[in-house]
Amino acid sequence: MTGSRASGRSPESVPDPKTVRWFRKNLKNWGQTHRRDFPWRRSRDPYGIFVAECLLQKTEANHALPIYRAFMARYPTLAALGDASLEELSALLEPLGLRFRASRLLDAARSILENEAYGGQLPDCETELLKLPGVGRYTARSILSQAFNRPLAVLDTNIARILERFFGVEGGRVKSRDALLWSLAQEVAPKREMGTWNLTLIDFGAAVCTAQKPRCSECILLKRCKFGEFGF
DNA sequence: AACGCGGGGCA
DNA sequence: TGCCCAGCGTT
């Protein structure tokens with residue numbers, strides 16, 4: 001097919017390259033001074049990052065923080081978690097809600113430990129990570145980008161909201177919109193330091209481009225934001 | 001494609 | 001009070 005490059009696809013899936021570079025540059029700059037500091041971000045230990053990602057699902061980071069500290073003190077290694085009792089683990093995670101997380105975490109840990117091919121370590125491959133209970137596309141790719149420095153973008157509620165607003169993604173059918181946002185997330189991402197980039201986007205969504213009452217007046221992206229065009 | 005899970009923070 | 005939070009599994 002020659003002619004229109006956008007034929008057959010939503011125009012938003014082919015954003016202007018100059019706009020993409022501007023978006024990337026401004027956010028990277030913002031991240032250098034505003035990115036949050038959490039204990040699970042200070043190491044590349046796949047186990048610690050895996051634990052953090054599980055605790056953070058649908059849970060505010062500041063809420064998960066004290067539980068994460070207690071978790072890592074009680075179960076500092078994958079082997080230690082494998083030996084945990086479900087009752088004690090459940091009690092530890094209780095303040096975070098979503099109680100099924102305790103059994104999923106335990107099942108995931110034991111499943112890894114039982115697999116000889118993994119050598120007692122988390123697998124560094126998306127297909128294998130997705131086999132673990134409680135690990136979906138976001139969690140798998142987040143672990144890979146942060147612990148293994150793999151160039152994989154992620155999509156969470158924060159990032160989806162930023163992309164929707166800035167690039168003006170229309171709300172079509174839910175499934176196609178989701179696929180569009182995943183491809184857009186990968187397209188706008190830099191080639192290097194994807195782990196840092198993913199965290200920057202998440203923090204920007206949590207601090208500025210919030211779900212309710214976004215802080216558009218102090219937003220570094222406002223000038224070219226589709227959402228900002230309408231006077232918010 | 002829609003839904004349940006969940007305690008806690010915040011306006 | 002109501003909405004939202006570094007999603008995922010099930011139907």
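This passage describes how the protein meets DNA strands B and C in a predicted model. Local features require pLDDT of at least 70 and side-chain atom pairs pLDDT 80 or more, while totals for chains, interfaces and linings use all residues; side-chain values use heavy atoms, without hydrogens and water. Residues are numbered from 1 along each chain as its sequence is written, and chains are lettered from A and ligands numbered from 1 in the order in which they are written.

We can begin with DNA strand C. Around this strand lie 27 residues (a residue is near if one of its heavy atoms lies within 4 Å), and Trp40, Arg41, Leu56, Thr139 and Arg161 come nearest. Of the strand C atoms that come within 4 Å of the protein, 62% are sugar and phosphate. Among the polar contacts (pairs of N or O atoms within 3.5 Å), the side chain of Arg41 places an N or O atom 2.8 Å from a base nitrogen. The side chain of Thr139 has an N or O atom 2.5 Å from a phosphate oxygen.

DNA strand B is surrounded by 15 residues, with Lys58, Leu96, Leu98, Arg99 and Lys175 the closest. Sugar or phosphate makes up 61% of the strand B atoms within 4 Å of the protein, and bases the rest. Here, backbone N or O atoms enter the picture: that of Lys58 lies 3.0 Å from a base nitrogen, that of Leu96 lies 2.5 Å from a base nitrogen, and that of Arg99 lies 2.7 Å from a phosphate oxygen.

How values were computed:
A polar contact is a pair of N or O atoms within 3.5 Å; within protein, one must be able to donate a hydrogen and the other to accept it, and residues adjacent in sequence count only if both atoms are side-chain atoms.
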